[in-house]
Structures are given as structure tokens and as C-alpha cells.
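Reader: Before the individual assignments are discussed, please set out the reasoning behind each of them. I should like to see the value and the criterion side by side.

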Amino acid sequence: HNNFGFSGGPVVFWNYYKNRHQILGVISRYISQKGLLKSEDDKECFYYENSGIAVAYDIESVNKFINNSEEVR
């Protein structure tokens, strides 16, 4: 589940083979979903809300970004 402000946070899982937590990736955003409100006189209003579904960069992409960032410094 993802909320506003979680971007940049780690996606962590338990590796049963190594018996430890590992970082799978980094959260980049959440997916929005469209909602509909209807007034009493049948006027419609659409809005976007947080679906709670996270989108993340995989750890290989994160490592590649970090390594390239160090070259720029």
C-alpha cells in the first residue's frame, strides 16, 4: 500500500534463503484511479484519488543510478 510522501522509500522483503531482509527497490509513485461524484440533480464530477498501488524502481536500476551519480560528482 502506498501513500503520498512514500516516494524514495525502500521496498523491503524477507529473503527466506538468506534469513534476512533485503531491499527489492525504491518507491517512485502511486497509481491514481478515477472516481465519480453525482449530485442530487445528476450532475457528475470526476476526480482522481490514490488507488494505494505502488510503482517502484527495481534495485538494479537504483544501483545503476547511484553509480552514475557518483561519476558526476
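Author: The discussion may begin with Gly9, which lies in the segment before β1. The model is a predicted one.

Reader: Why is Gly9 called buried?

Author: The relative accessibility of Gly9 is 18%. Buried means under 20%, so Gly9 counts as buried.

Reader: Which residues is Gly9 in contact with, once its neighbours within four places in sequence are left aside?

Author: Gly9 is then in contact with Gly25, Val26 and Ile27. Contact here means heavy atoms within 4.5 Å. As for Asn63, 54 residues from Gly9 along the chain, the two C-alpha atoms are separated by 14 Å.

Reader: What makes Val11 partly exposed?

Author: Val11 has a relative accessibility of 24%. Partly exposed is the class between the limits of 20% and 50%, so Val11 counts as partly exposed. The place of Val11 is in strand β1.

Reader: How many residues apart in sequence are Val11 and Val26, and how many Å apart in space?

Author: They are 15 residues apart in sequence, and their C-alpha atoms are 5.6 Å apart in space. Val26 is also one of the residues that Val11 touches, not counting those up to four places away in sequence. The others in that list are Gln22, Ile23, Leu24, Gly25, Ile27 and Ala56.

Reader: Ala56 also forms a pair with Leu37. Where does Leu37 lie, and what separates the pair in sequence and in space?

Author: Leu37 lies in strand β2. Leu37 and Ala56 are 19 residues apart in sequence and 30 Å apart in space, C-alpha to C-alpha. Beyond four places in sequence, Leu37 touches Lys43, Glu44, Cys45 and Tyr47.

Reader: What makes Glu49 partly exposed?

Author: The relative accessible area of Glu49 is 31%. This value falls between the limits of 20% and 50%, and Glu49 is therefore partly exposed. Glu49 has its place in strand β3, residues 44–58. Leaving aside neighbours within four places in sequence, Glu49 is in contact with Ile31, Ser32 and Gln33. Glu49 and Asn19, by C-alpha atoms, are 37 Å apart in space and 30 residues apart in sequence.

Reader: How do you know that Asn19 is exposed?

Author: Asn19 has a relative accessibility of 57%. The class begins over 50%, so Asn19 counts as exposed.

Reader: What is notable about phi in Asn19?

Author: Phi of Asn19 is near 55°, a positive value in a residue other than glycine. Most residues other than glycine have a negative phi.

Reader: Where does Asp42 lie, and why is Asp42 called exposed?

Author: Asp42 lies in the loop between β2 and β3. At 60% relative accessibility, set against a limit of over 50%, Asp42 counts as exposed. Phi of Asp42 is positive as well, near 65°.

Reader: Let us turn to the whole chain. Which elements does the protein chain contain, and in what order?

Author: The protein chain has one helix and three strands. From the N terminus on, the order is β-β-β-α. The radius of gyration is 19 Å, well over the 11 Å that the globule rule gives for 73 residues, so the protein chain is more spread out than a compact globule. The C-alpha trace spans about 60 × 35 × 15 Å along its principal axes.

Reader: What share of the residues is buried, and what area does the protein chain expose?

Author: Buried residues make up 12% of the 73 residues. The protein chain exposes about 6,400 Å², of which carbon and sulfur atoms supply 54%.

Reader: Among contacts between residues at least 6 apart in sequence, what share joins residues at least 24 apart?

Author: That share is 37% in the protein chain.

Reader: How are the charges placed on average?

Author: The mean positions of the 8 positive and 9 negative charges are 8 Å apart.

Reader: Which element has the lowest mean pLDDT, and which the highest?

Author: Helix α1, residues 59–72, has the lowest mean pLDDT, at 79. Strand β1, residues 10–15, has the highest, at 93. For the protein chain the mean pLDDT is 87, and 93% of its residues reach 70 or more.

Methods: Residues are numbered from 1 along each chain as its sequence is written. This is a predicted model: local features need pLDDT of at least 70, side-chain atom pairs count only at pLDDT 80 or more; totals for chains, interfaces and linings use all residues. Side-chain values use heavy atoms; hydrogens and water are left out. pLDDT is the predictor's confidence in each residue, from 0 to 100. Helices (H or I, at least four residues) and strands (E, at least two) are DSSP runs, numbered from the N terminus. The radius of gyration is taken over C-alpha atoms; the globule rule is 2.2 Å times the number of residues to the power 0.38. Buried means under 20% relative accessible area, exposed over 50%, partly exposed in between (1.4 Å probe, protein chains only). Accessible areas come from the Shrake-Rupley method with a 1.4 Å probe; for residues, only the protein chains shown count as cover. Lys and Arg count as positive and Asp and Glu as negative; His and the chain ends are not counted. The place of a charge is taken as NZ of Lys, CZ of Arg, CG of Asp or CD of Glu.
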